[in-house]
Amino acid sequence: MKLAVRVTPRAGRDAIEGIARGDDDRGWLMVKLCAAPSDGAANEALVRLLAKALGVARRDVTLASGATSRLKRLDIRGDPARLAAALETIVRDKA
């Protein structure tokens, strides 16, 4: 599964905030992280947070693009139906 994420570093807490849509109607998952965007700390915190939230191992979540950007693309290995259901539950709980 590929997942688009928008990260806000240096937030007060690590949290998945929900889904946002851009002017082009593309959506991304909004995530806040306590970690600063230096030395890959925010990227590692993002992988750790999403792996835990989706119930997969950290090795199953990899950063595909956007290492130095707020907008990132992640590859997540696992059963697509189960991952989609977990993501839907997370987003629904934030609405």
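A residue is called buried when its relative accessible area is under 20%, exposed when it is over 50%, and partly exposed in between, using a 1.4 Å probe and protein chains only. Asp25, with 54% relative accessibility, therefore counts as exposed. This is a predicted model, in which local features need pLDDT of at least 70 and side-chain atom pairs count only at pLDDT 80 or more, while totals for chains, interfaces and linings use all residues. Residues are numbered from 1 along each chain as its sequence is written, and side-chain values use heavy atoms, with hydrogens and water left out.

**Strand 5 and its partners**

Helices (H or I, at least four residues) and strands (E, at least two) are DSSP runs, numbered from the N terminus. Two strands pair if DSSP finds at least two bridges between them. Strand 5 pairs with strand 1 in the antiparallel sense, over 5 bridges. Strand 4 also runs antiparallel to strand 5, and 4 bridges join these two. One residue of this second pairing is Ser65, which stands opposite Arg73 in strand 5. Strands 4 and 5 form a hairpin with 5 residues between them, and Gly66 in the turn has a positive phi of about 90°.

The side chains along strand 5 alternate. Lys72, Leu74 and Ile76 point to one face and are buried, while Leu71, Arg73 and Asp75 point to the other face and are not buried.

**A buried lysine**

Lys72, in strand 5, is a charged residue on the buried face. For charge, Lys and Arg count as positive and Asp and Glu as negative; His and the chain ends are not counted. A salt bridge is a side-chain nitrogen of Lys or Arg within 4 Å of a carboxyl oxygen of Asp or Glu. Lys72 has no salt bridge, and the nearest side chain of opposite charge, Glu44, is 12 Å away. What the side chain of Lys72 does reach is the backbone oxygen of Gly66, at 2.7 Å. This is a polar contact (a pair of N or O atoms within 3.5 Å; within protein, one must be able to donate a hydrogen and the other to accept it, and residues adjacent in sequence count only if both atoms are side-chain atoms).

Contact in general means heavy atoms within 4.5 Å. Not counting residues up to four places away in sequence, Lys72 touches several residues, including Leu3, Val5, Leu46 and Leu63.

**The nonpolar core**

A nonpolar core is a set of buried Ala, Val, Leu, Ile, Met, Phe, Trp, Tyr and Cys residues joined through side-chain atoms within 4.5 Å. The largest one here has 24 residues, and those with the most contacts inside it are Val5, Leu29, Val31, Leu33, Leu46, Leu50 and Leu54. Strand 1, strand 3, helix 1, strand 5 and helix 2 are the elements that give two or more residues to this core. Helix 1 gives the most, with 8 residues. Leu46 touches Val5, Val7, Val31, Leu33, Lys72 and Leu74, again leaving out residues up to four places away in sequence.

**Salt bridges**

The whole structure holds 7 salt bridges. The table gives some of them.

| Pair | Closest N to O distance |
|---|---|
| Lys2 and Asp75 | 2.8 Å |
| Arg13 and Glu17 | 3.3 Å |
| Asp60 and Arg77 | 3.3 Å |

The side chains of Lys2 and Asp75 meet in a salt bridge. This pair links distant parts of the chain, Lys2 in strand 1 and Asp75 in strand 5, 73 residues apart. Asp75 is also the bridge partner of Lys2 in strand 5. Lys2 counts as exposed because its relative accessibility is 66%, whereas Asp75, at 25%, counts as partly exposed.

Arg77 forms a salt bridge with Asp60. Arg77 lies in the loop between strand 5 and helix 2, and Asp60 in the loop between helix 1 and strand 4, 17 residues apart. Asp60 is buried, with a relative accessible area of 18%. Glu17, the partner of Arg13, is partly exposed at 31%. Glu44, Arg48 and Arg58 are linked in a network of salt bridges.

**Positive phi in two loops**

Most residues other than glycine have a negative phi. Which loop holds Asp25? Asp25 lies in the loop between strand 2 and strand 3, and its phi is near 70°. Asp39, in the loop between strand 3 and helix 1, has a phi near 55°. Asp39 is exposed, at 85% relative accessibility.
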